[in-house]
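Biologist: I have a new model open on my screen and would like to learn how to read it. Could you take me through some features, one at a time?

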Amino acid sequence: MRIARFVVDSDPLYGIVEGDSGSEEVTVIHGDPFFHGVERTAVRHKLEDVRLLAPIIPRSKVVGVGRNFVEHAHELGNDVPQQPLLFLKPNTAVVGPNDPIVLPEFSEEISYEAELCVVIGRICKDVPEERVDDVIFGYTCGNDLTARDVQKSDLQWTRAKGFDTSAPLGPWIETELDPEDVAIKGWLNGELRQDGSTSQMIRGVRELVSIVSQAFTLLPGDVIMTGTPAGVGLVREGDRCEIEIEGIGKLSNPVVRR
Ligand code: MG
């Protein structure tokens, strides 16, 4: 099931996206699916008549995972970390489908990173790997935009990974996905730049959620970005990033400078 967050007139709504590509419809659901379950209303819209929003604005955090693909670690001259390399992005970094990625003034080297994102469905802590599926609401596409120059010059990654618009999410949350071997693709201006699979992860999705939950209590709506495959590169004003994950859909965002 694909759960989207969107606006038709004013207030954001949640809905179920159904139908074939190009002719999808959205059925509005009652309330917030993270707390009230998924209950349909009688109201339907054509997908093309709504504006999709980020499918979730995390109430507490986006957790990132650095260097979780061998080839990506090596393309930037880094070793594979012995311990999981975790970082946080604030919820103010999140934007939705087609929202602009705004290049910050303090960096000349912003890179795209196509990533599978886990959306947490239940409050949890110290989750064993075999029970991780119980705490996952679903999966979405994400772009872990990174100020590569600032990542090197600052002592930690807060500015480099957490600036406004550095975490586009969407287009919706797919609640039924086996995350162990799905394709992750990233395009820049229509040119395929990243072409990997979750099967290439050093630590798989379920292991990562378990590891993250040892450090942080996870709340409904928290997001874990699970790392990017090789092929990252810089973006410029006027570019468009597209991230497609098999079984979910495609997230597209323009790049602007203000
Ligand atoms: Mg990343």
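Biologist: Let's start with charges. How many salt bridges does the rule find across the interface of domain 1 and domain 2?

Modeller: Remember that this is a predicted model. The rule finds one salt bridge across that interface. Asp99 pairs with Arg51, and their closest N and O atoms are 4.0 Å apart. The cut-off is a side-chain nitrogen of Lys or Arg within 4 Å of a carboxyl oxygen of Asp or Glu, so this pair is counted. In the whole structure, the search gives 16 salt bridges. The Asp99 pair links distant parts of the chain: Asp99 is in the loop between strand E8 (94-95) and strand E9 (101-103), Arg51 is in strand E5, and 48 residues separate them.

Biologist: Where do the two domains begin and end?

Modeller: The domain assignment gives residues 2-52 to domain 1 and 62-257 to domain 2. Their C-alpha centres are 24 Å apart.

Biologist: And how do I read the interface itself? How many residues of each domain are in contact?

Modeller: Eleven residues of domain 1 contact 14 residues of domain 2. Together the domains bury about 950 Å², with 71% of that on carbon and sulfur atoms. One residue pair is in polar contact across the interface, both at pLDDT 80 or more. On the domain 1 side, strand E1 (2-7), helix H1 (33-36) and strand E5 (51-53) each give two or more residues. By class, that side has eight nonpolar, three charged and no polar residues.

Biologist: Now the metal. Which residues are the protein donors of the magnesium ion?

Modeller: They are Glu113 and Glu115, through OE atoms, and Asp144, through OD, at 2.0 to 2.1 Å from the ion. A handy way to write their spacing in sequence is E-x1-E-x28-D. Glu115 belongs to strand E11 (residues 114-120), while Asp144 is in the loop between strand E12 (136-143) and strand E13 (146-147), 29 residues apart.

Biologist: What should I look for in the backbone?

Modeller: As a general idea, most residues other than glycine have a negative phi, and most peptide bonds are trans. Here Arg67 has a positive phi, near 55°, and is found in the loop between strand E6 (62-66) and helix H2 (70-75).

Biologist: Is the peptide bond from Gly170 to Pro171 cis or trans?

Modeller: That bond is cis, with omega near 5°. Pro171 is placed in strand E14 (residues 167-174).

Terms used
Residues numbered from 1 in each chain as written. Predicted model: local features only at pLDDT ≥ 70, side-chain atom pairs only at ≥ 80, totals over all residues. Heavy atoms only, no water. Domains from an automatic or database assignment. Contact = heavy atoms within 4.5 Å. Buried area = accessible area lost by both parts, 1.4 Å probe. Polar contact = N/O pair within 3.5 Å; in protein donor to acceptor, adjacent residues only side chain to side chain. Helix = DSSP H or I, 4+ residues; strand = E, 2+ residues; numbered from the N terminus. Nonpolar A, V, L, I, M, F, W, Y, C, P; charged D, E, K, R; others polar. Donors = N, O, S within 2.8 Å, 3.2 Å for Na, K, Ca; no water.
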